[in-house]
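Biologist: Please take a close look at one part of this model for me. Then show me how that part sits within the whole.

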Amino acid sequence: MWIHPMYLLAGTIFIAHQLLQKAWQISIPLADQYLDPLLCMPLLLGIWQWEKKLLFRHQITTGEIWLLTLLLSLLFEIGFPLLSPNFTADWRDALLYFAGAFLFLTFRTKTSN
C-alpha cells in the first residue's frame with residue numbers, strides 16, 4: 001500500500017525529535033513545546049484513514065476529522081490535566097491539534113483529486 005509523503009515526513013520528524021529530546025538529551029525549546037501537538041493529528045488521522053480504507057473502503061469524513069480533533073483536544077488539554085498533575089493544560093496545544101488536522105485535510109484533498 002502506498003504511503004503519502006506527508007505521513008512519512010511527519011513520522012520522521014516526530015521520531016527524530018523524540019530521539020534528540022529523550023535519547024540524546026538535546027533540547028530545542030520551541031519544538032519540545034509544540035511539535036508533538038502539531039504532528040499528532042496528521043499521524044493519528046493518517047492511521048485512522050488507512051484503517052477505514054482497509055476495512056470499509058472509504059475515507060474518514062471532514063466532520064469525523066474535526067470531531068476527533070475536538071475530542072482529543074478536550075481530553076489532552078482538560079481531561080488529563082484534571083486527572084494528573086503530570087499533565088499541563090495549554091490552549092496553544094489545542095490550536096496546534098486543529099492546525100495539524102487542517103494540514104491533514106489540505107494534503108488529503110490535494111491527493112484525492
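Modeller: Start with K52, which is found in helix α2. That helix covers residues 29-56. Keep in mind that this is a predicted model.

Is K52 buried or exposed? K52 has a relative accessible area of 10%. Buried means under 20%, so K52 counts as buried. Now look at what surrounds it. Leave out residues up to four places away in sequence, and K52 touches R57, H58, I60 and E64. Find those four residues on screen and turn the view around K52.

Next, move to helix α1, which spans residues 5-23. Two of its residues are worth a stop. One is Q21, found in helix α1. Set aside neighbours within four places in sequence, and Q21 is in contact with I26 and D32. Another pair to check is Q21 and A31. They sit 10 residues apart along the chain, and their C-alpha atoms are separated by 9.5 Å.

The other stop is F14, also found in helix α1. Its relative accessible area is 30%. The partly exposed class lies between 20% and 50%, so F14 is partly exposed. F14 also belongs to a nonpolar surface patch. Its partners there are I15, L19, W24, I26 and I28. Together they make a patch of about 550 Å². Notice I26 in that list. I26 is also a contact of Q21.

Now step back to the whole protein. How many helices and strands does it have? There are four helices and zero strands. Read along the sequence, the pattern is α-α-α-α. The C-alpha atoms fill a box of roughly 40 × 30 × 20 Å, taken along the principal axes.

K52 is a buried residue. Across the protein, buried residues make up 32% of the 113 residues. The exposed surface comes to about 7500 Å². Carbon and sulfur atoms supply 73% of that area.

Contacts also tell you how the chain is arranged. Take contacts between residues at least 6 apart in sequence. Of these, 65% join residues at least 24 apart.

Finish with charge. The protein has 7 positive and 7 negative side chains. The centres of the two sets lie 12 Å apart.

Conventions. Residues numbered from 1 in each chain as written. Predicted model: local features only at pLDDT ≥ 70, side-chain atom pairs only at ≥ 80, totals over all residues. Heavy atoms only, no water. Helix = DSSP H or I, 4+ residues; strand = E, 2+ residues; numbered from the N terminus. Buried < 20%, exposed > 50% of the residue type's maximum accessible area, 1.4 Å probe, protein only. Contact = heavy atoms within 4.5 Å. Areas by Shrake-Rupley, 256 points an atom, 1.4 Å probe, with all protein chains shown as cover. Lys, Arg positive; Asp, Glu negative; His and termini not counted. Charge placed at Lys NZ, Arg CZ, Asp CG, Glu CD. Patch = residues over 30% accessible without salt bridge, like charges linked within 9 Å, V, L, I, M, F, W, Y side chains within 5 Å. Salt bridge = Lys/Arg side-chain N within 4 Å of Asp/Glu carboxyl O.
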